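Student: Please take one part of this model and go through it closely. I would like to see how that part connects with the rest of the chain.

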Amino acid sequence: MPVTLKNDINSWGIVARLFHWISAFLLIGLLYVGLIMVDMVNSPEKFDLYRYHKSLGILVLGLIIMRLMWRWINITPTLPTPGLASRLSAPVLYMLMLIMPVSGMIMSQAGGHPISFFGWFNVPILLEKNPSIGKLAWQIHGYTGKILIGVIALHFMAAFYHQWILKNNLLRRMIKGH
Ligand code: HEM
């Protein structure tokens, strides 16, 4: 089968598949680094990890916005099972994938910390320093991170359940397109 850019009613095009796997890889990396770095003692290594975490988080925000726009102007392949869990999975994941970087940005800016994008430029200041907003965003970032880990685990198990128990090729369709 030829590689197609756009989706159709039964298959994912290459652009949607790349968005899926690149954001999955970056999100799992950010969750892992996020959990490790908060427990480190203050050191140059810890602050390096914070800088990478923030830059990659901003990159993920841009990626998720582009991914949503691509989804909007494209057909979404139909779900093989019409249940509530299947229908809720995408909106819940998109919501969590947006809350994480947005709360991270708010926490940093309201805490008075600049956000450098890989040392190339600083993200414009959209929020004045405000410790109470910073603390709220910090709590949201921490709790939502744990919820996202749980939802990613469910998503992962659902993909295997569809592929090997229901045998409807759901996982293969996100890897090979069809
Ligand atoms: C999109 C993806 C992101 C994910 C999945 C993510 C994930 C996480 C996780 C799991 C933690 C540990 C939370 C805890 O256990 O307390 C964390 C901490 C942190 N994140 Fe993110 N993050 C993202 C984006 C961002 C962005 C865009 C920024 C800022 C620009 C940011 C700034 C921070 C900071 C400063 C901490 C440390 C908070 C502390 O010192 O307690 N994150 N992140």
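**From one exposed residue to the helices around the ligand**

Tutor: Asp-48 is exposed because it has 11 other C-beta atoms within 10 Å, and a residue with 12 or fewer falls in that class. The model is a predicted one. Asp-48 belongs to helix 2. Its C-alpha atom is 9.5 Å from that of Met-37, and the two residues are eleven apart in sequence.

Helix 2 covers residues 44–72 and contributes at least two residues to the shell around the ligand. At least two residues each also come from helix 1 (14–38), helix 3 (84–110) and helix 4 (131–165). The ligand has 23 residues around it, of which Gly-34, Gly-57, Gly-104, Gly-142 and Gly-145 come nearest. Sorted by class, 14 residues of the shell are nonpolar, eight are polar and one is charged. Glycine is counted with the polar residues.

Helix 1 can be checked for length. Its 25 residues, at 1.5 Å a residue, should span 36 Å, and the C-alpha atoms at its ends are 36 Å apart, so the two values agree. Ala-16, Leu-27 and Leu-30 are buried residues of this helix. Helix 2 and helix 3 are among the elements that cover the buried residues of helix 1.

Two of these buried residues return in the largest nonpolar core. This core has seven residues: Leu-27, Leu-30, Val-60, Ile-64, Met-97, Met-100 and Leu-148. Helix 1, helix 2 and helix 3 are the elements that give two or more residues to it. Outside its neighbours within four places in sequence, Met-97 contacts Ser-23, Leu-27 and Ile-64. Another core lies apart from the largest one; it has five residues, including Met-105, Met-107, Ala-110 and Ala-137. In soluble globular proteins, nonpolar side chains tend to be buried together.

The chain as a whole gives the setting. It contains five helices and two strands, in the order α-α-α-β-β-α-α from the N terminus. Its C-alpha trace spans about 50 × 30 × 30 Å along the principal axes. Of the 178 residues, 15% are buried. Among contacts with a separation of 6 or more, 67% are between residues 24 or more positions apart.

The loop between helix 4 and helix 5 (170–176) is the last place to look at. Lys-167 is in this loop, and so is Asn-169. Lys-167 has a positive phi of about 50 degrees without being a glycine. Asn-169, also not a glycine, has a positive phi of about 60 degrees. Most residues other than glycine have a negative phi. Lys-167 counts as exposed because it has 9 C-beta neighbours inside 10 Å. Asn-169 has 15 C-beta neighbours inside 10 Å and therefore counts as partly exposed.

To return to the start: Asp-48 is an exposed residue of helix 2. That helix helps to cover the buried residues of helix 1 and also supplies residues to the shell around the ligand.

How values were computed
Residues numbered from 1 in each chain as written. Predicted model: local features only at pLDDT ≥ 70, side-chain atom pairs only at ≥ 80, totals over all residues. Near = placed C-beta within 6 Å. Helix = DSSP H or I, 4+ residues; strand = E, 2+ residues; numbered from the N terminus. Expected span 1.5 Å × (residues − 1). Buried ≥ 20, exposed ≤ 12 C-beta atoms within 10 Å, placed from the backbone. Contact = placed C-beta atoms within 7 Å. Core = buried A, V, L, I, M, F, W, Y, C linked by C-beta atoms within 7 Å.
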